[in-house]
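Thanks for making time. I have one structure to go through today, and I will put it up now.

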Amino acid sequence: MVLERVDPELAEFDVHTDELLVNMGPQHPSTHGVLRLVLRTDGEVVKEVIPHIGYLHRCAEKIGENLAARQWIPYTDRMDYLAGMNMNLGWALTVEKLLGLEVPERARHLRVLIAELNRIASHLVAAGTYGLDLGSFTPFVHCFREREKILDLFERVCGARLTYSYITIGGVMADLPRGWLDECEAFLVSFEPVIDDLHALLTSNAILIHRTAGIGVLSPEMAVSYGCTGPVLRASGVNWDLRRDGEPWCTRTYVGYKFEVIAETDGRYPQDAPYPPVPSAVVLGDCWHRFYVRMLEVVQSVKLARQAMDYYRKSPPGVGEPLRLVQKLPKGEAYLETEAPKGQMGFMVVSDGTTVPWRARARSSSFCNLSVVSELCRGCLIADVPAIVGSLDIVLGEIDR
Amino acid sequence: MPEYHQYPSLAEFVSTFLPESWGWLAYVLAALVHVALLLVLALTVAAASNWFERKVSARMQDRLGPTRVGGRFGWLQSVADGIKLLTKEDLIPREADGLLFRLAPYLSFCASFSIYLALPFAGGAGGWVAQRLNIAVFFVLAVAGLEVFGVILAGYGSGSKWSLFGAMREAAQVVSYEVPLALAALIPVMVAGSMDLVRIGNLQKDGFWDWLIFHDPFTFLTFFVYLTCAVASVNRAPFDLPEAESELVAGFMTEYSGFRWSLFFMAEYASMFAVSVLAAILFFGGWNGPLPLAEWLGLTQSHGGLAAYAGNFLGMCNLLAKSYLGVIVMMWLRWTLPRLRIDQVMTVCLKYCIPVAAAMLLGAMVWCYALPGGLVRAVRPHPEAAARWGAPPVDQPPHPPAALAAGKGGR
């Protein structure tokens, strides 16, 4: 599908007198990072949105061509910095696929536990900032308070709150400290009532429903065609989750885990927990459904975390050896996509037989999710643009790398 | 009622000390005194509301708010912020229209502050009010609508597209909501039979069952319409689109900093408080408490000047407390609810508030005709209440006494 693109610089000579070129960002309270959106509007109605990215480009992939595989892990942290563990996991699994390396059982369950906790943290940020974009200040702080507890848990595990580099090629860096599992269980117990609070404040709030129902409707065909993945895809009704449907190297991490994939199938969402009902005004694939899918996924992540803690307790000790820096990678290439909180994050490693990859590539989920914003924003009002961009849940660190 | 002539206004009192041809100076001095008192009130309310909002919002968000500046509760934080704002650099964007940019905050603040001139804070002694008007409600609604001029000038004069957007939204919103606001304020006026706020307040003096909000179910529902329209006309969430932080940075206030910004900000809090005072007087009995304690304790005029003063003072505190409850409710709403989009704001106004207010007006009119004296009195008819609706037009507030007008001074 070819968009009729108008170069903003040249457009000033063609623009009609009633059209306005408005610039949102790169510094803007609601563009979720350094994103510049140029809106071509006719009064309040948006005709076209042109995103300009690259303000956070840090040449991570080029640097990956000069570092040993394990040394590139901190760079993956900084891509989707809100879900660093999932980024680490993606790269680790990719290189392990190239090497054919299996991690010990305890490391596998630890990876699931940590990745799901990070999924909760990422979705909390998404939900909180989405409310903030729409004017709801309080749930934002509540979400961040819960996220602080998760970050405290991560700090006990690996010493860092945001850029972890914990999941490494060959396993994880270290086993859990004493008492961590009890703290984690205490957190999960205290967190579940907060989810209900957030439903009351956000999901069932009449004003939020009014602001998001029928806005930015993404059809499943367009979602697949633009490469949208993750909650964005599932909110359009496509029942696809790499943790269940991915390739074997991806799903082997989740073998033995029971969870529901949150997507509307046969007109209903999974009924395994008391979720608030879907209001009648919303349309499948609109902003509300994307928000709803994330809120429901948090509950599934709590379930997965509990299962992971059980498996961890039963697993034999040994969390794996990190890959030696002087280990030569076999010649060949490997590409693996994993289910990160924001979508399918793909990593590719091409090796020429030395310790340093010839090419390290990250396929960003937010990049493809953002590409659909111009289609979604056609004909909406200016106030809907933050609602749509917020519902896509993008992180510029991932888009720009 | 002879209340108008019994108590001289401040101007008349001052004029007794001045020679005859200096009578005009009495008015000037009286005006200065009133303005000074009201400025103190308005600015204290603004500063206190700032601190209170930070504390309330913090507690709602599971935080503490200011805790360091001025002791454990941080009450000096507003003062510190005020000092900071006064000492900031005076920035004016290059594309800004100089005169309009500079003028706008003063317009907004003056319009907001002028509402206080007609608001009474107690009912005795002819009313503790800067200027007693027999069309006080009309004056308040008219002057409150002038605030939008400051906003439009600010938006246009800032020379920025974002400010312009904010100003246009604000203009549409405030001007549209003036209609249901006026309709909603009209209903207690109709029930009371007068636009004079002192009279309306004094009518509600025998306990909470006399409060106009309990007069009939239509007036009860009207209060909620009034609350919605008041929140919208003051630009508070969920109607704070003109200041929408996440979309327009700060809307029409984007380019303002320092003292100019603080004037807009004080105008907003002063307006919030003023519409709350109006709601308290129109619906909740004003300075009269839920039970007529002042009468029971003997703090009325018949017991002497000092007792009367104490009674009025308590009444003023009562009114301020009720108004502050209104402000608290507005803060509560702001920190809980997301904001509405401009077309949804206009839908609420045109499709919901105006028809409901009109229906309430009709209902209240029918009720007053069929059951004069209100809900309680319908069961126990009170002769005065019935007479209120059949009574001849009320006496007018006095023109300046003939002696003063003729320049002779003295009573």
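Which residue in β8(A) does Val350(A) stand opposite? The partner is Arg359(A). Keep in mind that this is a predicted model.

That pair belongs to strand β7 of chain A, residues 343-351, and β8(A), which pair in the antiparallel sense over 5 bridges. The sheet they sit in is open, with 3 strands in the order β6-β7-β8 in chain A, and the pairing is antiparallel. At the edges are β6, 332-340, and β8, 359-363, of chain A; each has a single partner strand, so one side of each has no neighbour in the sheet. From one strand to the next, the twist averages 10°.

A helix packs on this sheet: α4 of chain A, residues 84-99, which touches β6 and β7 of chain A. The direction of α4 makes about 150° with that of β6(A).

Next, a helix pair in chain A. The axes of α13, residues 287-314, and α16, residues 384-392, come within 9 Å and cross at roughly 35°. The crossing of α13(A) with α16(A) is left-handed. From α13(A), Cys287(A), Arg290(A) and Phe291(A) meet Ala387(A), Ile388(A) and Ser391(A) of α16(A). By class, the residues of this contact are 4 nonpolar, 1 polar and 1 charged.

Last, the contact between the chains. How many residues does each chain give? Chain A gives 25 residues and chain B gives 22 residues. On the chain B side, the elements giving two or more residues are α11 (245-248), α14 (305-336) and α15 (342-370) of chain B. That side of chain B has 10 nonpolar, 8 charged and 4 polar residues.

How values were computed:
Residues are numbered from 1 along each chain as its sequence is written. Chains are lettered from A and ligands numbered from 1 in the order in which they are written. This is a predicted model: local features need pLDDT of at least 70, side-chain atom pairs count only at pLDDT 80 or more; totals for chains, interfaces and linings use all residues. Two residues are in contact if their C-beta atoms, placed from the backbone, lie within 7 Å. Helices (H or I, at least four residues) and strands (E, at least two) are DSSP runs, numbered from the N terminus. Ala, Val, Leu, Ile, Met, Phe, Trp, Tyr, Cys and Pro count as nonpolar, Asp, Glu, Lys and Arg as charged, and the others, Gly among them, as polar. Two strands pair if DSSP finds at least two bridges between them. Axes are lines fitted to C-alpha atoms, for helices over the stretch in contact, and angles run from 0 to 180 degrees between N-to-C directions. A crossing is left-handed if the near helix is turned anticlockwise from the far one by less than a right angle, and right-handed if clockwise.
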